[in-house]
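Please walk through this model with the sequence and the coordinates side by side. The text below goes from one helix to the rest of the chain.

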Amino acid sequence: MKKVYCIIPQIVLLLWFFLDMTGLYFGENCLVSMSYQDDGVFFLIYLAAVILFIAKEKIGKWFVIVWTSMWFAIQFICHEWYTIFNSGFMGSLDGKIKYFSGTIQWLQIDGKYIPDLYHTILHILILCVLIFTIIYTVKNRKKAKQ
């Protein structure tokens with residue numbers, strides 16, 4: 001697998017996550033509110049991981065794998081956990097539903113928290129980056145041994 005196939009999903013994720021730093025509205029509809037105060041550190045760490053991957057691939061690929069694994073685990077606990085178990089560690093179910101009620105939803109079920117469109121795409125992109133980077137690392141390890 002070529003490095004570019006790993007960099008493209010990383011850049012797409014970086015651009016998508018940047019929307020969280022600026023916020024994006026379509027008229028009255030909110031895709032994501034500006035959350036740089038809450039998520040800015042996560043953005044900077046991921047930006048550093050992407051730069052490290054591009055500049056120093058040997059260590060950068062591991063940084064991307066470790067960071068996106070941890071980031072996905074955190075996102076899972078903050079979002080999908082509520083969907084699966086109807087409760088969580090980051091406040092009440094009702095509070096979670098109310099907090100994200102103003103964002104664009106792809107699915108709504110009364111009394112159930114479903115991650116909004118922005119977070120659903122974010123989680124898919126995080127998983128794509130993680131999977132592509134793992135595949136890239138494994139395939140290149142095999143090539144190096146030959």
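**A bent helix and its surroundings**

At Ile77, helix H3 bends by about 45 degrees. The model is a predicted one, and its mean pLDDT is 95 for the protein chain, with 97% of residues at 70 or more. Helix H3 covers residues 57–85, which makes 29 residues. From its first C-alpha to its last it reaches 39 Å, close to the 42 Å expected at 1.5 Å a residue.

Ile65 also lies in helix H3. Is Ile65 buried or exposed? Its relative accessible area is 12%, and because buried means under 20%, Ile65 counts as buried. Its C-alpha is separated by 15 Å from that of Asn140, a residue 75 places away along the chain.

Just after H3 comes Asn86, with a positive phi of about 60 degrees. Most residues other than glycine have a negative phi. Asn86 is a residue other than glycine with a positive value. It sits in the loop between H3 and helix H4, the latter covering residues 93–99. Asn86 is partly exposed, at a relative accessible area of 37%.

The other end of H3 brings in a charged contact. How many salt bridges does a search of the whole structure find? The search finds 1. In a salt bridge, the side chains of Glu57 and Lys3 meet at 3.8 Å, N to O. The pair links distant parts of the chain, since Glu57 belongs to helix H3 and Lys3 to helix H1, 54 residues apart. Glu57 is partly exposed, with a relative accessible area of 23%, and for Lys3 the value is 23% as well, which again makes the residue partly exposed.

Helix H1 leads on to the surface. Which residues make the nonpolar surface patch of about 660 Å²? They are Val4, Tyr5, Ile8 and Val12, together with Leu127, Ile131, Phe132 and Ile135. Helix H1 (3–22) and helix H5 are the elements that give two or more residues to this patch. An α-helix has 3.6 residues a turn, so residues three or four places apart point the same way.

Two members of the patch can be looked at one by one. Val4 is found in helix H1 and is partly exposed, with a relative accessible area of 43%. Val12 is in helix H1 too, and at 39% relative accessible area it is partly exposed. A patch residue needs over 30% relative accessible area, and therefore Val4 at 43% meets that cut-off, as does Val12 at 39%. Val12 is also placed 7.8 Å from Leu125, C-alpha to C-alpha, although their positions lie 113 residues apart in sequence when counted from one to the other.

Helix H5 covers residues 117–145 and has the lowest confidence in the protein chain, a mean of 92. Confidence is highest in strand E2, residues 29–32, at 98.

Taken as a whole, the protein chain has 5 helices and 2 strands. Read along the sequence, these follow the pattern α-β-β-α-α-α-α. The C-alpha trace spans about 55 × 30 × 25 Å along its principal axes. Of the 146 residues, 39% count as buried, with Ile65 in helix H3 being one of the buried residues.

Methods:
Residues are numbered from 1 along each chain as its sequence is written. This is a predicted model: local features need pLDDT of at least 70, side-chain atom pairs count only at pLDDT 80 or more; totals for chains, interfaces and linings use all residues. Side-chain values use heavy atoms; hydrogens and water are left out. pLDDT is the predictor's confidence in each residue, from 0 to 100. Helices (H or I, at least four residues) and strands (E, at least two) are DSSP runs, numbered from the N terminus. Patches are made of residues with over 30% relative accessible area and no salt bridge: like charges are joined within 9 Å, nonpolar side chains (Val, Leu, Ile, Met, Phe, Trp, Tyr) within 5 Å. Accessible areas come from the Shrake-Rupley method with a 1.4 Å probe; for residues, only the protein chains shown count as cover. A salt bridge is a side-chain nitrogen of Lys or Arg within 4 Å of a carboxyl oxygen of Asp or Glu. Buried means under 20% relative accessible area, exposed over 50%, partly exposed in between (1.4 Å probe, protein chains only). The expected span of a helix is 1.5 Å times one less than its number of residues. The bend at a residue is the angle between axes fitted to the seven residues ending there and the seven starting there.
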